[in-house]
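User: Please take a close look at one exposed loop position in this model and at the elements around it in the chain. I would like a single connected account that works outward from that position, with the geometry given explicitly.

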Amino acid sequence: MLGAIGSTPVVRLERLVEEGSAEVWVKLESVNPTGSYKDRMALGMIDGAERDGRLRPGQTVVEYSGGSTGSSLAYVCALKGYPLRIVTSDAFALEKRRTMEAFGASLEVVPSPAGITPDLIPRMMERAREIVDEVDGYATDQFRNADMVEAYGALGDELLAQLEGRIDAFCAYVGTAGCFTGVTRRLREALPDLLRVAVEPAESPVLSGGTPGTHRIEGGGAGFWPPLLERDDVDEVRPVSTEAAFAMARRAALDEGLWSGPSTGANLTVALELARRLGPGKRVVTPLVDSGLKYLGGELYA
């Protein structure tokens, strides 16, 4: 089942793209086993730690996660035989917490009724550090784990092969920045003129130099600059509001059959803007981050 991670299809938008725009292609990461591109990073983090001895057989793995990383780690740890402790929050989808528990993870839930506030992720990180000390665990520490950057490089390789090396722009919502850096660094090796556009919540535009704020686009907008993201990794930053991300996710489901969450809605919003700007003969690529199944209990599809 670990071999089922990756090798996901890519599809071209047919109805959302306006006449006179560039092509928009979407990598269907919801096809991964837990329905998320985080399966790639979870396997990469555990494999990397096993290879160099950072992770001992049977040692407890500890992570802070809004849900998709935690779900993917729970899946990988279940198959590899590692106990898993996750610090999460009720600011994130209930379906994600239930998925983590389904694969055997033990959860500690940090309350945050207002949503994803600027202090939420730091609070979760601090509690995870405490648990590592309490149980002599191994911290995957996703915001600082370089193993996942290499794991996401495979997604870039797949895109190059699937689209025959014809990609003009790549945009993605930035959380840990593992996907953004892993994909764009790999693509840039083959395509030096690639336009790299980071997407962030308009309510918390830290990458744009703004003030951290509260938003509901899960999977990013942590309120600080991700440690793995270098300034020269990004050509542009485009903010998207929670309202716009939700609206686009719903529209993509109805018009294109692309069923996803708010972060994909943000990705598609920016991809369509870039397509209008770049025009015919160009190609814009963005990931469908995860499945809409993870959001049925929340506001998005209520």
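Analyst: Glu-164 is exposed, because its relative accessible area is 69% and the cut-off for that class is over 50%. The model is a predicted one, and everything that follows should be read as a description of that prediction. Glu-164 lies in the loop that leads from helix H5 to strand S7, and its phi is positive, at about 50°, although the residue is not a glycine. Most residues other than glycine have a negative phi. A positive phi at a non-glycine residue also appears on the other side of H5, at Asp-141, where the value is about 45°; Asp-141 sits in the loop between strand S6 (138-139) and H5.

The loop of Glu-164 thus leads back to H5 on one side and on to S7 on the other, and the helix can be taken up before the strand. Two packed helices are described by the angle between their axes and the distance between the axes. Helix H5 packs against helix H6 (residues 178-190) at an angle of about 50°, and their axes are 7 Å apart, which means that H5 and H6 are oblique to each other. The crossing of H5 with H6 is right-handed. On the H5 side the contact includes Met-148, Val-149, Tyr-152, Leu-155, Leu-159 and Leu-160, while among the residues contributed by H6 are Cys-179, Thr-181, Val-183, Arg-185, Arg-186 and Leu-187. Sorted by class, the residues of this contact of H5 with H6 comprise 11 nonpolar, 5 polar and 4 charged.

H5 (residues 147-162) has another packing partner in helix H1 (residues 38-51): the angle is about 135°, and the axes are 7 Å apart. H1 and H5 are therefore oblique to each other, and their crossing is right-handed. H1 contributes Lys-38, Arg-40, Met-41, Gly-44, Met-45, Gly-48 and Ala-49 to the contact, and H5 contributes Asp-147, Met-148, Ala-151, Tyr-152, Ala-154, Leu-155 and Glu-158. These residues of the contact of H1 with H5 fall into 8 nonpolar, 2 polar and 4 charged.

Within H1, Ala-49 is a useful point at which to examine this packing more closely. Ala-49 counts as buried, because its relative accessibility is 0%. Leaving aside residues up to four places away in sequence, Ala-49 touches Arg-54, Leu-55, Tyr-138 and Asp-147. Tyr-138 is 89 residues from Ala-49 in sequence, yet the C-alpha atoms of the two lie 9.0 Å apart in space.

Going forward along the chain from the loop of Glu-164, one reaches S7. Strand S7 (residues 169-173) is largely enclosed by the rest of the structure, because 5 of its 5 residues are buried. In a regular strand the side chains alternate between the two faces of the sheet. In S7 both faces are covered, with Ala-169, Cys-171 and Tyr-173 buried on one side and Phe-170 and Ala-172 buried on the other. The exposure of Glu-164 therefore contrasts with the burial found throughout S7.

S7 belongs to an open sheet of 6 strands with mixed pairing, arranged in the order S1-S2-S10-S7-S8-S9. The edges are held by strand S1 (10-12) and strand S9 (236-240), and since each has a single partner strand, one side of each is left without a neighbour in the sheet. From one strand to the next, the twist averages 25°. Strands of a sheet pair through backbone hydrogen bonds, either parallel or antiparallel. S7 runs parallel to strand S8 (residues 195-201) and is joined to S8 by 5 bridges, with Ala-172 standing opposite Ala-198 of S8. Elsewhere in the sheet, strand S2 (residues 23-28) pairs with strand S10 (residues 283-288) in the parallel sense over 6 bridges, and Trp-25 stands opposite Val-285 of S10.

Taken together, Glu-164 is an exposed residue in the loop between H5 and S7; H5 packs against both H6 and H1, whereas S7 is buried on both faces and paired with S8.

Note on methods. Residues numbered from 1 in each chain as written. Predicted model: local features only at pLDDT ≥ 70, side-chain atom pairs only at ≥ 80, totals over all residues. Heavy atoms only, no water. Axes fitted to C-alpha atoms, helices over the stretch in contact; angles between N-to-C directions. Helix = DSSP H or I, 4+ residues; strand = E, 2+ residues; numbered from the N terminus. Parallel < 35°, antiparallel > 145°, perpendicular 65-115°, else oblique. Left-handed = near helix turned anticlockwise from the far one by under 90°. Contact = heavy atoms within 4.5 Å. Nonpolar A, V, L, I, M, F, W, Y, C, P; charged D, E, K, R; others polar. Buried < 20%, exposed > 50% of the residue type's maximum accessible area, 1.4 Å probe, protein only. Pairing = 2+ DSSP bridges.
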